[in-house]
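Here are some worked exercises on domains, chain interfaces and confidence. Have the structure open beside you and try each task before reading its solution.

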Amino acid sequence: MNELSRVAENLTPLEQERFADQTTPLIRDCWYVAGFSDEISREIISRRLLGIDIAMYRTVSGEPVAVRNRCPHRSFPLAKGRLDGDTLICGYHGMQFDPSGRCVTMPSMPIVPSNANVLAFPMAERGPIVWIWMGDADHADEDLIPDTSWLADAGWKSVRGQFRIKTDYVSMHENLLDQTHFPFLHPGTVGTPEYARSKLDVRRVGDVVIIDRALRDAAPPGIYGVPMQLMDRKVDRFSEARFASPAIHTAFASVVDRTGAEGPETYRFNITHLITPETNESIHYWWFNSRDRRLDDPTADEFLLVASEQAYLEDVEALEWILEAVTTDVEPQFDLNFAPDKPGLLMRRILFEAAGAAKKA
Amino acid sequence: MNELSRVAENLTPLEQERFADQTTPLIRDCWYVAGFSDEISREIISRRLLGIDIAMYRTVSGEPVAVRNRCPHRSFPLAKGRLDGDTLICGYHGMQFDPSGRCVTMPSMPIVPSNANVLAFPMAERGPIVWIWMGDADHADEDLIPDTSWLADAGWKSVRGQFRIKTDYVSMHENLLDQTHFPFLHPGTVGTPEYARSKLDVRRVGDVVIIDRALRDAAPPGIYGVPMQLMDRKVDRFSEARFASPAIHTAFASVVDRTGAEGPETYRFNITHLITPETNESIHYWWFNSRDRRLDDPTADEFLLVASEQAYLEDVEALEWILEAVTTDVEPQFDLNFAPDKPGLLMRRILFEAAGAAKKA
Amino acid sequence: MNELSRVAENLTPLEQERFADQTTPLIRDCWYVAGFSDEISREIISRRLLGIDIAMYRTVSGEPVAVRNRCPHRSFPLAKGRLDGDTLICGYHGMQFDPSGRCVTMPSMPIVPSNANVLAFPMAERGPIVWIWMGDADHADEDLIPDTSWLADAGWKSVRGQFRIKTDYVSMHENLLDQTHFPFLHPGTVGTPEYARSKLDVRRVGDVVIIDRALRDAAPPGIYGVPMQLMDRKVDRFSEARFASPAIHTAFASVVDRTGAEGPETYRFNITHLITPETNESIHYWWFNSRDRRLDDPTADEFLLVASEQAYLEDVEALEWILEAVTTDVEPQFDLNFAPDKPGLLMRRILFEAAGAAKKA
């Protein structure tokens, strides 16, 4: 029995073909992030999401609105038009659309055309995030919006950032589920050697993939130990990484300090990774690093912001190099899979099944 | 009966497929503008016209010459060579071509090869414009060159400009035939609200589309009223917009001032729009704004130049946004057609028929 | 009998189709130059050769190593990793590869996977050049490495340079075998008129094409006459241009001065042109200009360096213009062939046969 038999689920070659990659069709029936709440305002912006160019703005009362960024008449980009109250006015012939996308005025016509509508997309705001549903609007159930309640909870404090990355969202999720790269790609921040060797517990629960880890009586990683002022002691560390949907990966970490006289102190960190494919080969990415201790400490804010940015930049660089290698090479994506790849492969199988489509030849 | 029945000619869905757009093959048997006369000189220039790279120069006696910008021997661009009298000499192996494209010397061969010719294109100069015939040379009848006689008439004065635009020539012609966008895209110049609502008379005469408009006892538009010093009175306004060929749109406007003691005074403006496809998705564009009054007034020159440039830049920006939307979107061109689109649709049917080809699938 | 009957080998139209051009598949079973020796060091570099991205470095003992620049696990570019002794360590998950490409350590696995290898390419160093074999490694016979012994011979002195050129290697070789372009493209350096008219002797010997020329009692060309201080006298000139393989063209020139009192003096110049396709439409190019006289004369070095650079830049510019003309034009490559094109056509037939494949339609 050789080491390949250790590959996740002992896949046969045929089964190995059934993982999503950058060629797999995107999954439309899903809530994705359209932007930070403060990116969407009374100034119309455009953004490509799942290959579709979208115009976004807020109504006078503050509701976020998203419509296709293309007038049905002559394809003028609606984001180049202007708002009059809640009405979006095309900059070419003055067609007016209400927030549902219905044409309410066509200046050069005495009667408003009944078929001159633009597709609108359901949106929902949750704390600092606006979500969008790009699939069948009949399926846009707000109960399906992933939990990010800590981002709007007064007991938590967050730092945040965003990137546009020339990678595919599958590789991004695989990177987030893969903790064996920490010591090599992130030696300065999250990659402590002990942690790399700690045992993983990997589970698939429905379409969610969960990785649990625990490491007792060890040095804290710098990214948490420094801002929480714990670098001088040993702690217990716990983490749960969770592929929760094509749009979000959450990591729940906690550090327990048992050295205090008044009993154990727990420090919790929730990392929220929000991923929306721009195209099959590029993504929008927003992140939050949230904590439940030392909320009013600006040096902790600064440290967590800088350390997070650095680690994510290392990932961005690596993922862009990889997609460039794969797309410019004579050979397409190839995978050589090992046991530690199991969580990523579970995720890629979920995406493959959800895409409901065979890979391109 | 709903408003869609008002669409030009009550087209059936099948008929609606029969309009040219940016995917329609270009029409070669037509006189197009190759450049302003003063662009073509004893210095060889190259320019892509209808997808073909052309080298252009003048003979010693001043005749404009156009040949393919590619030596028949090893494809060296001939515009990188040099002139010796009327002879164009290739910069790679010294092959010499006369203005008809015939090879007259091949330095490395004792006898001039009889088949070593480069394709030459008929040219004709008319006032400040040089025309070129890119189709079958046997059809290059100079009687087919569109009338622009006012550009060389001492009773007229012109200002002019040029652009290279990343749009298709079909959309450019549609924009020129479409006057309902004036108040929205050009609110500062040509877009007076009354005019937008004046009645159109649209005719197809052979392969020409003509739009006539008249508006009596109204404020003049700033672009004519200011330089002619008529902004303090009401005038009668008349215009004829004319799609005359794939290469040219002309607009003949006149403003009649009936307030003078000595009877009505007529101010005429001819706008000449010259369009040559560079490729299916880009055009060369030259324009003239000509008037028959206040010929020696430099402030009128300046005003007409600046106001025209501004209006055309607004069109350029809009047309480039639209082509980008259409070509980067997952869905191709779609048209939702209304009654005011009739002149553009007539033009697009003429182009479609002239292209003599079904649209790409 | 017209001049076309003088075309090389009186080719029928069908036979004329059988020459390599920029669409012909590249020839893999051949030694190509990977770089100057001093380009390959303990710092890993990447370079695309024959369409394949390669990572290159030297072992501790100085042996050059080339492997595919793509980890078999998740396609991370190996040149972005680091060296530990002779071992190349991937920057993503720390996989370690020995110089043969065999995986020797996979940090996240207890056993080294037996199938986790990266393709390594045979290399061989000859003087200032490192050669690489990109084809079937079983055929990588070092006896096939072309002779460039003068580059490492103490009796010779060389100046050198390199370019990356947006041309195809077929056109580059054709340019090197074509001496009729000298007076037109290089009038200032190698293009003396007498030489352009000297008789060629063209031979094909196996897969080698040889052109011999002799010109007696003529002015020396400036590129040799100036640095050797021979411009004041008549000399005999001899040259052999040799297409030796897809990777190399060598030119052996000699100038004999018979004016001296002590008998004839011979000055020899070997020009080494080293060509490796980067892709079908771009090449790496290294050149050496070597001489056997005035070895310690720095003004000769400087003159030969500057004059060579200038002549090669003229070729680079011409070849890039031509490939751009061919690839952006509506018509593909066309050839009009004349008698002086014979050596290039022989070479292109050799490449066509070696590619062993029909041209793309």
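**Exercise 1. Find how far apart the C-alpha centres of domain 1 and domain 2 of chain A lie, then describe where the two domains meet.**

Step 1: the distance. The C-alpha centres of domain 1 and domain 2 of chain A are 34 Å apart. Domain 1 spans 31-142 and domain 2 spans 154-355, with bounds that come from an automatic or database domain assignment.

Before going on, a word on the ground rules. This is a predicted model, in which local features need pLDDT of at least 70 and side-chain atom pairs count only at pLDDT 80 or more, while totals for chains, interfaces and linings use all residues. Residues are numbered from 1 along each chain as its sequence is written, chains are lettered from A and ligands numbered from 1 in the order in which they are written, and side-chain values use heavy atoms, with hydrogens and water left out.

Step 2: the contact. Using contact in the sense of heavy atoms within 4.5 Å, 16 residues of domain 1 of chain A touch 15 residues of domain 2 of chain A.

Step 3: the area. Buried area is the accessible area (1.4 Å probe) that two parts lose on being put together, summed over both. For domain 1 and domain 2 of chain A this comes to about 1,300 Å², with 68% from carbon and sulfur atoms. Of the area that domain 1 of chain A buries against domain 2 of chain A, 46% is supplied by Tyr32(A), Val33(A) and Phe36(A), more than any other three residues.

**Exercise 2. Which side chains meet in a salt bridge between the two domains of chain A, and which parts of the chain does the pair tie together?**

Step 1: the rule. A salt bridge is a side-chain nitrogen of Lys or Arg within 4 Å of a carboxyl oxygen of Asp or Glu. Side chains of opposite charge can pair when their charged atoms come close.

Step 2: the pair. The rule finds one salt bridge across the interface of domain 1 and domain 2 of chain A. Its partners are Asp38(A) and Arg160(A), at 3.1 Å from N to O.

Step 3: the location. Strands here are DSSP runs (E, at least two residues), numbered from the N terminus. Arg160(A) sits in strand β12 (residues 157-165) of chain A and Asp38(A) in the loop between β1 and β2 of chain A, so the pair links parts that are 122 residues apart in sequence.

Step 4: the wider surface. Three strands of chain A, β1 (31-36), β2 (45-49) and β11 (129-133), each supply at least two residues of the side of domain 1 that touches domain 2. β1(A) gives the most to that side, with six residues.

**Exercise 3. Describe the contact between chain A and chain B.**

Step 1: residues and area. Chain A brings 29 residues to the contact and chain B brings 33. Together chain A and chain B bury about 2,600 Å², 57% of it on carbon and sulfur atoms. Arg70(A), Arg74(A) and Tyr92(A) supply 28% of the area that chain A buries against chain B, more than any other three residues.

Step 2: charged pairs. Four salt bridges cross the interface of chain A and chain B. In one of them, Arg74(A) pairs with Glu174(B), the closest N and O atoms being 3.0 Å apart.

**Exercise 4. Now do likewise for chain C and chain A.**

Step 1: residues and area. This contact takes 29 residues from chain C and 32 residues from chain A. The area buried between chain C and chain A is about 2,600 Å², with 57% on carbon and sulfur atoms. In chain C, the residues losing the most area to chain A are Arg70(C), Arg74(C) and Tyr92(C), together 28% of what that side buries.

Step 2: charged pairs. Three salt bridges are found across the interface of chain C and chain A. Arg68(C) and Asp329(A) form a salt bridge at 2.2 Å, N to O.

**Exercise 5. Where in chain A does pLDDT stay under 50?**

Step 1: the overall score. pLDDT is the predictor's confidence in each residue, from 0 to 100. Chain A averages 90, and 90% of the residues score at least 70.

Step 2: the weak stretches. pLDDT stays under 50 over residues 1-14 of chain A and over residues 357-361 of chain A. Where pLDDT is low, the predicted coordinates should not be read in detail.

Step 3: the complex. The predictor gives the complex an ipTM of 0.89 and a pTM of 0.90.

Methods: Helices (H or I, at least four residues) and strands (E, at least two) are DSSP runs, numbered from the N terminus.
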